[in-house]
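New notebook page, new structure. I'll jot down what I look up as I go.

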Amino acid sequence: MRPVHCICLALFLGSGLTAASAKDTILEPEGKPYSFKEDLRGSGKKDDAAAYDVSGIACIPRASGKRRCLVVNDEGRKAQFLTIDDRSIEPKKSIDLIGKAPDPATRGTVFAGKQCPDKSPAKFKEFDGEGVAYAKPYFYVVGSHGCGRRKDTLNTSAMILARIRVDDEGKPDVEDDERPEAAVETTYRLGEVLAGADRVGASFLESLSEANGLNIEGIAVVKDRLYAGLRAPTIEGDAFLVEADVDALFADGHGPYQGKRRTIPIKVGKDAGIRDLAALDDGRLIVLTGPAQEQPKVAYKLFLFDPGKGGDPQPLGELDELDDAERAGKPEAVTVIGPNRVLVLFDSLRNGGPRAYKVPAKLMPEE
């Protein structure tokens with residue numbers, strides 16, 4: 001790890017930091033490593049393959065004690081439950097978000113007003129999960145809603161938003177425990193929202209690598225509002241949230257989206273996009289940012305932002321670089337695990353390589 005220039009964790013909790021102090025605030029992971037009772041399931045063909053592509057996590061809020069969470073990989077068709085108890089993580093059952101073919105029960109229709117640059121026929125393959133959120137009584141999981149990063153192809157199964165109804169213990173709320181998928185609902189309507197969004201809609205289904213194309217990497221739900229966090233496009237130092245009505249997204253039938261939409265800019269710095277979101281009970285969001293593309297000089301940072309009030313986000317600090325042995329890991333997912341602590345998971349590290357960070361802000365009341 002690099003030397004710490006200034007770890008301002010003694011700052012009074014809940015107060016804002018200036019942009020200048022954020023430049024010097026390096027957040028180091030705290031405590032001993034997390035242990036896993038078994039590996040998280042990867043998205044490869046082998047059932048025993050460990051996960052190296054964790055891309056989203058959300059937990060049922062608790063200030064302390066065991067918490068129930070859901071994680072997703074950016075490949076495959078499943079999400080997986082887990083519990084976190086202090087420094088121990090216990091993977092639980094997986095649940096299918098989609099099948100191998102389109103489900104006629106999916107609400108809305110696939111957006112048909114535009115194609116990806118590669119005009120080859122669209123395919124239905126993996127979910128391409130990029131973000132997870134929790135808002136009682138649902139976990140939400142979102143696909144990337146962008147063209148393929150390598151081939152500019154359209155994968156319609158990545159254009160799905162799913163939610164899983166769960167009980168107070170965070171288990172699928174179904175009558176038959178052998179059929180957890182009965183708790184899953186899916187919709188295509190978020191693509192319609194993105195295509196019509198101010199400032200960013202023109203980037204929907206554009207090339208990710210060549211045209212700053214739109215793609216989602218984070219999601220948060222606050223009451224009846226859903227916030228999609230965009231890795232790209234970024235415009236003049238702004239990253240963007242796209243807000244939509246949850247009820248309109250999941251309304252019965254295949255009709256068009258009938259709710260409101262709003263594009264919310266967040267001033268996070270040149271070439272920085274949103275890599276994940278986590279909602280707090282008071283409506284504020286934890287925002288994890290990083291390179292919108294693969295810019296090597298763009299750091300990974302944490303901010304607090306109130307989408308209801310707008311304005312500048314509150315900087316919490318920059319994540320310290322990993323040691324050389326794990327330098328390939330990229331911060332990919334964040335969830336709150338205490339009054340002033342967050343858990344960050346990394347792409348390309350086994351089981352997400354979870355690390356806890358103490359931040360200079362009060363995120364939830366202590367129990």
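Is glutamate 178 buried or exposed? I got 66% relative accessibility for glutamate 178, so it counts as exposed, the cut-off being over 50%. Note to self: this is a predicted model.

Next I checked where glutamate 178 sits. I found it in the loop between β9 and β10, with β10 covering 184-187. It has company there: Glu175, Asp176, Asp177 and Glu178 gather in a patch of negative charge on the surface.

Then I went looking for positive charge. Lys123, Lys125, Arg150 and Lys151 form a positive patch on the surface. I picked arginine 150 from that group and traced it to the loop between β8 (138-143) and β9 (161-165). Its relative accessibility came out at 84%, so I wrote arginine 150 down as exposed.

After that, the record. UniProt lists residues 124-293 as "domain: DUF3616", and the entry is unreviewed. I looked at that span in the model: 6% of it is helix and 42% is strand. The C-alpha atoms at the two ends of residues 124-293 lie 25 Å apart.

Last stop, arginine 261. I placed it in strand β14, which runs over residues 261-267. Arginine 261 has 34% relative accessibility, so I noted it as partly exposed, a label for values between the buried limit of under 20% and the exposed limit of over 50%. I also took a C-alpha to C-alpha distance from arginine 261 to lysine 362: they are 30 Å apart in space and 101 residues apart in sequence.

Key: Residues numbered from 1 in each chain as written. Predicted model: local features only at pLDDT ≥ 70, side-chain atom pairs only at ≥ 80, totals over all residues. Heavy atoms only, no water. Patch = residues over 30% accessible without salt bridge, like charges linked within 9 Å, V, L, I, M, F, W, Y side chains within 5 Å. Areas by Shrake-Rupley, 256 points an atom, 1.4 Å probe, with all protein chains shown as cover. Salt bridge = Lys/Arg side-chain N within 4 Å of Asp/Glu carboxyl O. Lys, Arg positive; Asp, Glu negative; His and termini not counted. Charge placed at Lys NZ, Arg CZ, Asp CG, Glu CD. Helix = DSSP H or I, 4+ residues; strand = E, 2+ residues; numbered from the N terminus. Buried < 20%, exposed > 50% of the residue type's maximum accessible area, 1.4 Å probe, protein only. UniProt positions renumbered as here; feature names shortened; annotations may be inferred.
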